[in-house]
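Thanks for taking a look at this one with me. Below are a few numbered points that should help you find your way around.

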Amino acid sequence: MTKSLHLLSRGPEDTQHIGMQLGKLARAGDVFLLSGKLGAGKTCLAQGIAWGLGFEEYVSSPSFVVVREYHGRIPMYHIDLYRLAQLSEILELGLDDYLYDGGVCVVEWAEKVTMAWPNEHMLIRIEYVSDIERWLCLEPSGERYSLILSDLRREK
Ligand SMILES: Nc1ncnc2c1ncn2[C@@H]1O[C@H](COP(=O)(O)OP(=O)(O)OP(=O)(O)O)[C@@H](O)[C@H]1O
Ligand SMILES: [Mg+2]
């Protein structure tokens, strides 16, 4: 099993770049769960993932629209659970329709629901270091995600 990977991001562009590398390696069905406080850089990372998947336009925060879709090489569903307070509201979204639809799912505030996620996923915890620095801790669950990390290490 590949252990977790800790990357120091020295600015938003670094975080986007790490996201782009993940997006390039992503395949249909992959699930990326992003966790971190307000302003940690979850949306910034999601932008990179969308660009790595070949989506060329601006990617904004989906906070007001719980789910946004981006169509690059394969679809990406950008889900932001921040505004949803109740588990029932989250369940109403029908997350399974996104998770098992042959796209890539990127979820902000994933920690709001623990039960709904597939056992196999990549958890990315973003930790604030300073105004412009963040630790990105990538924790794979399952072989598929260990493989992504091995590939990511190779590209470093
Ligand atoms: N190394 C870094 N990586 C990512 N963002 C950074 C970094 N350094 C500074 N920033 C800034 O931090 C902010 C991150 O905002 P972003 O919207 O991505 O956070 P978020 O985790 O999605 O927040 P929210 O919980 O509100 O959705 C941006 O203003 C960005 O410019
Ligand atoms: Mg955000």
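1. Let's begin with helix 2, where Lys42, Thr43, Cys44, Leu45, Ala46, Gln47, Gly48, Ile49, Ala50 and Gly52 are buried. That makes ten of the eleven residues in this helix, so the helix as a whole is mostly covered, where buried means under 20% relative accessible area. Please keep in mind that this is a predicted model. Just after helix 2 you will meet Gly54, which takes a positive phi of about 95°.

2. Which protein atoms serve as donors to the magnesium ion (ligand 2)? They are OG1 of Thr43 and OE of Glu108, and they lie 2.1 to 2.2 Å from the ion. The two residues come from distant parts of the chain: Thr43 sits in helix 2 (residues 42–52) and Glu108 in strand 5, 65 residues apart. Thr43 has a relative accessible area of 17%, so it is buried. Glu108 is buried too, with a value of 3%.

3. Next, have a look at the salt bridges; a search of the whole structure finds four of them. One of these joins the side chains of Asp30 and Arg144, with an N to O distance of 2.8 Å. Here again distant parts of the chain are linked: Asp30 belongs to the loop between helix 1 (12–25) and strand 2, Arg144 belongs to helix 5 (residues 143–155), and their positions lie 114 residues apart in the numbering. Are these partners buried or exposed? Asp30 is buried at 3% relative accessible area, and Arg144 is buried at 16%.

4. Arg125 deserves a point of its own. Its side chain meets that of Glu127 in a salt bridge (2.6 Å, N to O). Arg125 also forms a salt bridge with Glu139, where the closest N and O atoms are 2.6 Å apart. This second pair connects strand 6 (residues 121–128), home of Arg125, with strand 7 (residues 134–141), home of Glu139, and the two residues are 14 residues apart. Through shared partners, the salt bridges join Arg125, Glu127 and Glu139 into one network. As for accessibility, Glu127 is partly exposed at 34%, Arg125 is partly exposed at 26%, and Glu139 is partly exposed at 23%.

5. Now turn to Leu33, which you will find in strand 2 (residues 31–35). With 4% relative accessibility, Leu33 counts as buried, because the cut-off for that word is under 20%. The C-alpha atoms of Leu33 and Leu123 are separated by 4.8 Å, although these residues are 90 residues apart along the chain.

6. On the surface, Leu87, Leu91 and Met115 make a nonpolar patch of about 310 Å². Leu91 has its place in helix 3 (residues 87–92). Its relative accessible area is 52%, and exposed means over 50%, so Leu91 counts as exposed.

7. Which residues form a negative surface patch? The members are Glu69, Asp96, Asp97 and Asp101. Asp101 lies in the loop that runs between helix 4 (95–99) and strand 5 (104–108). At 43% relative accessibility, Asp101 counts as partly exposed.

How values were computed:
Residues numbered from 1 in each chain as written. Chains lettered and ligands numbered in written order. Predicted model: local features only at pLDDT ≥ 70, side-chain atom pairs only at ≥ 80, totals over all residues. Heavy atoms only, no water. Patch = residues over 30% accessible without salt bridge, like charges linked within 9 Å, V, L, I, M, F, W, Y side chains within 5 Å. Areas by Shrake-Rupley, 256 points an atom, 1.4 Å probe, with all protein chains shown as cover. Salt bridge = Lys/Arg side-chain N within 4 Å of Asp/Glu carboxyl O. Lys, Arg positive; Asp, Glu negative; His and termini not counted. Charge placed at Lys NZ, Arg CZ, Asp CG, Glu CD. Helix = DSSP H or I, 4+ residues; strand = E, 2+ residues; numbered from the N terminus. Buried < 20%, exposed > 50% of the residue type's maximum accessible area, 1.4 Å probe, protein only. Donors = N, O, S within 2.8 Å, 3.2 Å for Na, K, Ca; no water.
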